[in-house]
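Thank you all for coming. I would like to take a few minutes to walk through one structure, beginning with its overall make-up and ending with the surroundings of its ligand.

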Amino acid sequence: MRTMTKLNQPEESPVLDAAVNADKVALKGRRIRSFVLRQGRVTKGQAHALEVGRPKFGIDYVPEIIDLNAKFNRTDSKKILEIGFGMGETTAKIAQTLPECDFLAAEVHTPGVGALLKLIEELALTNIRIVQHDVVDVLQNMLADASLDGVHIFFPDPWHKARHHKRRLIQAGFVKLLCNKLKVGGYLHVATDWQEYAEWVLDVLNAEPQLQNTAESYAEKPSYRPLTKFENRGIKLGHGVWDMVFKRQ
Ligand SMILES: C[S@@+](CC[C@H](N)C(=O)[O-])C[C@H]1O[C@@H](n2cnc3c(N)ncnc32)[C@H](O)[C@@H]1O
């Protein structure tokens with residue numbers, strides 16, 4: 001079991017607060033989202049990858065159940081959903097390490113989608129498909145029950161302030177939804193570098209009767225998850241990272 005280290009407190013961010021408020025107005029009457037859509041600059045390389053790669057590796061959001069085997073052109077592979085892949089470095093590395101698995105990668109941020117499409121081309125990966133949409137809708141409307149062998153959620157936004165905790169992705173209802181989509185024996189792997197969120201996630205996952213912890217509390221980092229540059233820097237500064245791996249029973 002890992003020992004926990006004390007982490008720095010986040011700085012107050014007026015920009016983030018303003019974005020949250022704007023988002024609140026835009027989404028009035030709709031459910032609370034776990035992300036704020038940022039404009040973000042798309043580089044030339046990402047724009048090219050979006051144009052060329054999206055038709056090959058993108059899956060459009062449609063509110064109807066998709067056939068994952070058909071999307072990946074094979075039936076004998078494990079199907080893993082990665083939620084919020086950011087710039088996609090980890091997704092690409094894992095897909096390269098585990099060619100026998102297929103990865104459905106969900107992200108809302110356009111530069112990130114472009115960055116992962118660029119990596120797919122550069123590394124000639126065939127086992128990643130990208131859906132650019134709120135994963136809550138994807139889970140509710142696109143994925144069949146018991147269709148996933150695993151779910152990866154790496155460094156989800158911790159939404160540090162108490163008044164933003166309702167935006168955290170990992171909530172009891174969301175975890176129940178994930179459990180419906182996981183096959184019996186499938187796994188949910190969450191990693192975070194924010195101690196208080198790690199404790200929150202562990203509590204939520206422990207409270208879900210369909211899940212069983214594979215460790216006593218926090219898990220050793222599974223070998224397929226590469227260390228990110230950010231994580232390496234944090235580790236040198238004495239910051240912690242907490243992995244949690246639960247099985248669907
Ligand atoms: C803190 S970043 C982590 C990115 C990446 N996993 C990493 O380890 O670097 C969290 C990402 O999750 C995405 N995200 C948050 N909520 C989401 C949702 N409901 N659907 C899809 N993506 C989401 C955000 O856009 C953001 O890029």
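Before anything else, a word on what I will call a contact: two residues are in contact if their C-beta atoms, placed from the backbone, lie within 7 Å. Please keep in mind throughout that what you see is a predicted model.

With that term in hand, consider the contacts in the protein between residues at least 6 apart in sequence, of which 81% join residues at least 24 apart. The protein has nine helices and seven strands, and of its 249 residues, 33% are buried.

Let me turn to confidence. The protein has a mean pLDDT of 90, with 88% of its residues at 70 or more, and the model's scores are ipTM 0.99 and pTM 0.90. Where is confidence highest, and where is it lowest? Strand 2, residues 101-106, is at the top with 99, whereas helix 1, residues 14-26, is at the bottom with a mean of 49. The pLDDT is also below 50 over residues 1-12, a stretch that has 15 contacts in the model beyond near neighbours in sequence. Residues 22-27 likewise stay under 50, and for them the model has three contacts beyond four places in sequence. Where pLDDT is low, the predicted coordinates should not be read in detail.

Finally, the ligand. Around the ligand there are 21 residues, and those that come nearest are F35, G84, G86, V135 and F155. Sorted by class, this shell consists of 11 nonpolar, seven polar and three charged residues.

How values were computed: Residues are numbered from 1 along each chain as its sequence is written. This is a predicted model: local features need pLDDT of at least 70, side-chain atom pairs count only at pLDDT 80 or more; totals for chains, interfaces and linings use all residues. Helices (H or I, at least four residues) and strands (E, at least two) are DSSP runs, numbered from the N terminus. A residue is buried if 20 or more other C-beta atoms lie within 10 Å of its own, exposed if 12 or fewer, and partly exposed in between; C-beta atoms are placed from the backbone. pLDDT is the predictor's confidence in each residue, from 0 to 100. A residue is near a molecule or strand if its C-beta atom, placed from the backbone, lies within 6 Å of it. Ala, Val, Leu, Ile, Met, Phe, Trp, Tyr, Cys and Pro count as nonpolar, Asp, Glu, Lys and Arg as charged, and the others, Gly among them, as polar.
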